[in-house]
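Biologist: Please take a close look at one part of this structure, the strands and the aromatic rings that accompany them. A connected account suited to a first-year student would be most welcome.

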Amino acid sequence: SLSKLQLKTGDLDPRLFSRLRHLQKLDLSDNLLDKFPNSLTLPDLRVLNCNNNKLEDVTALKQFPLLEELTYENNVYLTLNDDYKVMFLLQNLRLLNGKDITKLAKHVRRVNSHKLTSKVTAHWKKFFSDQLPEKYTAEQVKSIKKKFLKSVQTNVVYGPSSLSEFTRWRVKMIAEEFLANSLGLELNSDTEPEEKTDENEEESAESPREAAEDVAPVGDFSSYISNVLFPGIQQLLSVHIYEPLVTVTPSKRKRNHSKSSPGNKRSKTQANTEEEAEEDVSAEPLHFLQCHSKGNSREDFKTQLWSCVFEPVLDSGARKDPIVSSSRTVATCGGESVCLIDCETGTVLKKYKVATEEFFSVAWTTLTMVISDSRKKAHNILAAAGRRGIVKLIHVAADFCYGEIKAHKKPIATICFSPTQETHLFTASYDKRIALWDIGIPDCDYNFKASQLLVLETASIPLRVALVPTCPEQYLLAGCEDGCFAWNIKLDKGQKSRPFEAIFQFPGEESLTTSHRVDGLAFLNDDVVVSKSSKPGCIYLWSWSKSFDAKGKGCQRTMSAVILAELEWSTTDMSYLTLSTCPAKEYVFCGDEKGSVWMYNLSTYTTGWGSPKGKRSERRISPTQILTWPELRVNGEQPPEILVNNVVADPAFTYLVVLTSVNITAIWKKS
């Protein structure tokens with residue numbers, strides 16, 4: 001037994017373990033192992049316990065051919081695909097995680113393998129057998145091998161989508177064996193670099209608009225180095241002073257904005273501005289900040305800013321009254337950093353950096369933690385995730401990143417916490433899965449235990465997620481690259497991996513369609529959904545209760561979205577300019593490709609939509625107001641084309657935070 005010793009992979013010394021030739025039972029549970037070394041040997045090992053580790057891969061277990069009993073529960077990065085891999089690799093395995101898998105394992109090794117072998121062979125004969133000449137060179141063989149392996153892994157499909165990773169793994173293995181037998185090619189030659197290249201290409205193709213600069217490759221580093229929030233932010237932050245030439249905001253009066261120097265924590269709009277618009281003032285620009293620069297460069301106008309969310313107020317009963325549930329502090333993310341900003345003063349309070357990361361999403365939750373003297377106290381925890389597929393957990397008050405969850409092997413597009421279960425976190429990834437995690441509650445030493453509760457299989461990449469307000473523990477909506485979907489997420493159903501329950505149809509250019517990118521999704525109130533999707537120049541408002549048939553049986557049903565109204569919006573075909581709502585004030589916000597913010601006050605419409613006989617608004621609803629981006633000078637020059645990636649208001653609609661494609665955070669204040 002080597003349980004509970006904080007062992008890491010490097011602690012398993014092959015020179016020692018290879019001498020244990022008669023060892024039959026090994027307990028490595030409750031450690032920190034992320035993989036097994038390939039040369040432990042242990043030729044007589046029969047029982048292995050790896051529960052509660054951080055294992056990411058199981059293929060190294062094939063070095064234990066006599067293994068009969070294997071347990072690796074609570075390794076949050078292992079999936080059903082890994083179960084099938086060990087069933088195939090370990091011919092003598094009888095018990096997996098306490099269950100008898102004898103019959104299923106025989107099916108995997110025989111029937112599954114036979115079916116896949118037939119498909120691989122047929123694929124070669126149909127598409128590749130005539131591509132090699134009778135006399136071929138080594139280069140020709142290498143080229144056709146690369147094409148065949150890529151093609152066969154993409155096109156040979158068998159079994160449920162939840163096992164697609166296992167199928168791809170087996171297809172590659174079978175294809176290599178087939179080529180070795182048919183053409184005399186060596187197994188595994190050149191294939192690993194090709195697979196890595198393909199995976200990177202796929203990831204690049206599926207990502208949102210890429211920042212112009214490449215992301216640095218991920219390297220090994222301690223999660224507790226460079227992951228601390230630094231209160232002395234002015235030492236790290238490059239602050240620009242922006243000079244608007246003509247700021248178009250709803251006012252005719254001149255404003256003199258006080259000047260501030262780069263050493264000051266504030267970054268304010270500087271110089272006299274002339275503004276022309278209507279008299280009814282609704283919002284004015286307050287601050288323009290450049291606080292996400294790559295390498296703290298003053299010249300960085302390429303880093304994309306993606307997500308922001310206001311911090312909950314700890315003593316306000318945050319989950320009861322939305323109007324008082326947030327402070328004036330907002331968390332923003334983009335590039336390699338996450339920032340905490342005081343919206344009133346423009347002060348960047350704290351900054352968190354990971355040099356190898358590109359953050360796409362942030363989310364807050366409030367946890368009741370036990371502090372050192374055994375008393376309980378509520379603390380705000382910030383989760384941040386992005387390109388590396390890792391969720392960082394930050395205890396903001398302590399200036400400490402206390403942990404991470406390796407949630408996915410591909411980038412995470414968005415995350416959100418449950419409004420009713422404070423430890424439940426949803427992560428939506430480019431691996432076409434939405435996972436539900438219980439992040440646990442850290443103790444006074446910041447020990448915590450995360451577990452995966454649910455995996456939702458998506459047909460395409462999920463971009464936005466929203467929990468249904470009237471039943472946040474039962475239904476989740478997701479806007480994806482290829483449609484809008486709903487899942488039943490009730491945890492008492494028992495099924496851990498679930499397909500979608502419904503896909504929604506929307507009006508397209510000519511007819512109803514389910515196939516369209518939904519890159520904006522939010523609830524305006526308990527029933528009205530706001531989504532941006534298939535139709536250019538249009539944002540839809542539709543009814544959840546009238547669209548979703550909760551009494552219907554079966555999954556993957558097609559349902560028509562009951563449209564309540566259309567909002568007039570920009571006619572751009574630019575994607576990933578997302579929308580947000582302010583339910584307490586019944587507002588919808590969406591930025592455009594010119595730096596403007598479209599605002600819709602829908603308070604005069606919602607009552608009618610909610611009535612039993614509520615009818616659709618026949619005409620498109622125009623924006624209540626459009627906030628035009630000021631013309632800014634940076635070092636004497638205007639910034640490049642400005643896209644508004646995201647715009648978010650606090651629940652009381654006092655501040656409006658605008659995130660752009662040019663590394664500028666704009667803060668507007670309602671006047």
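**Strands and aromatic rings in a predicted model**

Modeller: An open sheet is formed by four strands, in the order 28-29-30-32, with antiparallel pairing. Its edge strands are strand 28 (520–523) and strand 32 (562–568), each of which pairs on one side only. From one strand to the next, the twist averages 20°. The model described here is a predicted one. As a general point, the strands of a sheet pair through backbone hydrogen bonds, and the pairing may be parallel or antiparallel.

Within this sheet, strand 29 (residues 528–532) is joined to strand 30 (residues 538–543) by five bridges, in the antiparallel sense. One residue pair may serve as an illustration: Val529 has Trp542, in strand 30, as its bridge partner.

Strand 26 (residues 502–507) deserves separate attention. Five of its six residues are buried, so strand 26 is largely enclosed by the rest of the structure. Its pairings may be taken in turn. With strand 24 (residues 483–488), strand 26 runs antiparallel, and three bridges join the two. Here Cys484 has Phe504 of strand 26 as its bridge partner. With strand 31 (residues 557–560), strand 26 runs parallel, and four bridges connect them. In that pairing, Ile503 is matched with Thr558 of strand 31. With strand 27 (residues 512–513), strand 26 is again antiparallel, through two bridges. The bridge partner of Phe506 is Thr513, in strand 27.

Some of these residues also take part in ring pairs. Tyr475, Phe504, Phe506, Tyr540, Trp542, Trp544 and Phe548 are linked by ring pairs into a cluster. Phe504 and Phe506, members of this cluster, have already been met as the bridge partners of Cys484 and Thr513. Trp542, also in the cluster, is the bridge partner of Val529.

The whole structure contains 28 aromatic pairs. In general, such a pair is described by the distance between the ring centres and the angle between the ring planes. One of the pairs is formed by Phe88 and Trp169: the ring centres are 6.1 Å apart and the planes stand at 85°, so this pair is edge-to-face. Because Phe88 belongs to helix 2 (residues 80–89) and Trp169 to helix 5 (residues 164–183), the pair ties together parts that are 81 residues apart in sequence. Phe88 has a relative accessibility of 15% and therefore counts as buried. Trp169, at 19%, counts as buried too.

A second example belongs to the cluster described above. Tyr475 and Trp544 have ring centres 5.7 Å apart and planes at 55°, so their pair is tilted. Tyr475 lies in strand 23 (residues 475–480) and Trp544 in helix 7 (residues 544–547); the pair therefore ties together parts that are 69 residues apart in sequence. Both Tyr475 and Trp544 are buried. A charge also accompanies the ring of Phe88: the charged end of Arg170 sits over that ring, 3.8 Å from its centre.

Finally, a word on confidence. The protein chain has an average pLDDT of 81, and 82% of the residues score at least 70. Confidence is highest in strand 19 (residues 424–429), at 98, and lowest in strand 8 (residues 271–273), at a mean of 28. Over residues 187–281, pLDDT stays under 50, and the model has 223 contacts beyond four places in sequence for this stretch. Residues 316–320 also stay under 50, with 11 such contacts.

Definitions and conventions: Residues are numbered from 1 along each chain as its sequence is written. This is a predicted model: local features need pLDDT of at least 70, side-chain atom pairs count only at pLDDT 80 or more; totals for chains, interfaces and linings use all residues. Side-chain values use heavy atoms; hydrogens and water are left out. Two strands pair if DSSP finds at least two bridges between them. Axes are lines fitted to C-alpha atoms, for helices over the stretch in contact, and angles run from 0 to 180 degrees between N-to-C directions. Buried means under 20% relative accessible area, exposed over 50%, partly exposed in between (1.4 Å probe, protein chains only). pLDDT is the predictor's confidence in each residue, from 0 to 100. Contact means heavy atoms within 4.5 Å. Rings of Phe, Tyr and Trp (its six-membered ring) pair if their centres lie within 6.5 Å; planes under 30 degrees apart count as stacked, over 60 as edge-to-face and the rest as tilted. A charge sits over a ring if NZ of Lys or CZ of Arg is within 6 Å of the ring centre and within 35 degrees of the ring normal.
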